[in-house]
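Dear colleague,

Please find below the structure I am handing over to you. My account of what was found in it follows directly after.

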Amino acid sequence: MQRKNIREVLNRHVAELMEIPGVTGAAEGQSHGEPCITIFVMDDIHEIQTRIPGIIEGYPVQIVGSSEFRALTS
Amino acid sequence: MRKFLFFAIISLLLAWPVSTVFAAPPPGGPPGLERAIAVKDRHADALLAIPGVGGVGVGLGEGGKAALVIFTETPGVRGLPVSLEGIPAIVQVSGEFVALAPPEGKGPKNSSPVVNITSPLDGYVYDSGVLINFSGTANDKEDGDLTANLSWKSDGVDIGNGSSFTIVLVDGTHKITASVIDSVGNIGTSSITITVGQSSPSAWWWSRPVPIGVSTGHPDITAGTIGARVKDASGKVYALSNNHVYANENRASIGDNALQPGVYDGGRNPADAIGTLHAFKPIEFSRRANNVIDAAIALSSSVSLGKATPPGGYGTPMSTTATAPIGMPVMKYGRTTGLTRGQVYAIDATVNVRYSAGVARFVHQIVITPGTFSAGGDSGSLIVVDGTVDTRKPVGLLFAGSSSYTIANPIADVLMNFGVTIDGN
């Protein structure tokens, strides 16, 4: 079965992913050269990853610790 | 089939450095195998006591019958039986059994140590006379951690040893090399280039026209970075930075001064103004918002504002923009970390960003690694392509980050919002 475009898949799920406490971002990424959905989370990855699916519409989900994103003034 | 089995058993035994017992014969094995194993077990110690015998096993002899196999280190070992308890014995010259380490000169090559310079960052610019911290690591596959043996040189001259040290270097550009040698003489090395003195972003703070990539800000904020000089259709020129740098997170009024350097760096209002706030895109502070840009422009002039970075930076950006695919190498020049290089890690990112006014969600963002690509004060920096193709074409406007990632707005959205283009090459 042909997978849907990753951008469409991401657009469809981004709102629900961003609602998960501790998630700081969701993006189109790459893992081992293959497209994946990258989820940025606060540093306690193990606690959060139980609430994030491993695959979304055929795309693997990569979870990375980012800590909080902040505006970068001095 | 029988021949195959024979070789299979022999190969197993050859790979075994000592006399070995099969725990159980293979199911459906050749006739007499079980008995041969029992005989071998009873006589193994005595056989191995004979000088020149390196191993004892069981294989298949003539007619496919089970046989003892006696492995000898050299041909012509004396005193070996031709049969034991009616089981024929075969002598195989195997040479000496050794542990299976790769023989010298063959097999996997001894690898060179891997050296990693963790400080300074490649391309970093320092003020004159400051203590510079050098640190790095060295690891070797065979010898382990060799960090303590690191030898550091600046332009070929020894400057230090080991994992870390500090030193003052004279003004100029320096090639720093850290190297280590492992126990078999393989050399591992890593190099970076740093600049001390004349090219520091702070050295240009009060010059006019001021270069891009240096300190700037609204009078009520700390400091950010001038991303680029941009121009509109009528030829007016503006300094491009973030809303949170020039418009103080929506709080500023059009016409407010843009100072250079920013207040945090000693800029005074109005004496150090290089322009006035001309336009900004309001940020919606909400976790449900669809912000795309954090950007503002300040009307300036070519007398106050140049279009290139200080020397040691990437120079003048190109006027034509590029889009950033995952993996693209990029660079930026900013107030705090100067020239740094990284690569696009993820695209079309939706991220929550914390400001003093609250958290704002952004969509369609570019994510860049490594974490050292930017730091506080680099907000507003222009991110350009770093490569032979499309080099210095703008891709993003830096505005946020964490310890491990930098976030940028797609530059095309920024320029389209204000109806301007990059005033570059």
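Glu28(A) stands opposite Ile347(B), a residue of β22(B). This pair belongs to a junction between the chains of a predicted model: β1(A) and strand β22 of chain B (residues 338-355) run antiparallel and are joined by three bridges.

The contact as a whole draws on 29 residues of chain A and 37 residues of chain B. About 2500 Å² is buried between chain A and chain B, and carbon and sulfur atoms give 53% of that area. On the side of chain A, the residues that lose the most area to chain B are Phe69(A), Leu72(A) and Ser74(A), which together make up 30% of what that side buries.

As for polar interactions, 16 residue pairs are in polar contact between chain A and chain B, with both residues at pLDDT 80 or more. Which elements give two or more residues to the side of chain A that touches chain B? They are α1 (6-19), β1 (23-31), β2 (34-41), β4 (59-65) and β5 (69-71) of chain A. Of these, β1(A) provides the largest share, eight residues. By residue class, the side of chain A that touches chain B divides into 12 nonpolar, 12 polar and five charged residues.

Three salt bridges are counted between chain A and chain B. In a salt bridge between the two chains, the side chain of Arg354(B) meets that of Glu68(A), at 2.7 Å from N to O.

Within chain B, I would draw your attention to strand β16 (residues 228-231). It pairs with strand β17 (residues 237-241) of chain B in the antiparallel sense, over four bridges, and Ala228(B) has Leu240(B) in β17(B) as its bridge partner. The two strands form a hairpin with five residues between them, and Gly235(B) in the turn has a positive phi of about 95 degrees. β16(B) also pairs with strand β27 (residues 421-422) of chain B, again in the antiparallel sense, over two bridges. There, Val230(B) stands opposite Ile422(B).

Finally, a word on confidence. The model scores ipTM 0.94 and pTM 0.63. Chain B has a mean pLDDT of 85, with 87% of its residues at 70 or more. Over residues 1-28 of chain B, however, the pLDDT is below 50, and this stretch has 38 contacts in the model beyond near neighbours in sequence. The pLDDT also stays under 50 over residues 100-107 of chain B, where the model has two contacts beyond four places in sequence.

With kind regards

Notes
Residues are numbered from 1 along each chain as its sequence is written. Chains are lettered from A and ligands numbered from 1 in the order in which they are written. Side-chain values use heavy atoms; hydrogens and water are left out. pLDDT is the predictor's confidence in each residue, from 0 to 100. Contact means heavy atoms within 4.5 Å. Two strands pair if DSSP finds at least two bridges between them. Buried area is the accessible area (1.4 Å probe) that two parts lose on being put together, summed over both. A salt bridge is a side-chain nitrogen of Lys or Arg within 4 Å of a carboxyl oxygen of Asp or Glu. A polar contact is a pair of N or O atoms within 3.5 Å; within protein, one must be able to donate a hydrogen and the other to accept it, and residues adjacent in sequence count only if both atoms are side-chain atoms. Ala, Val, Leu, Ile, Met, Phe, Trp, Tyr, Cys and Pro count as nonpolar, Asp, Glu, Lys and Arg as charged, and the others, Gly among them, as polar.
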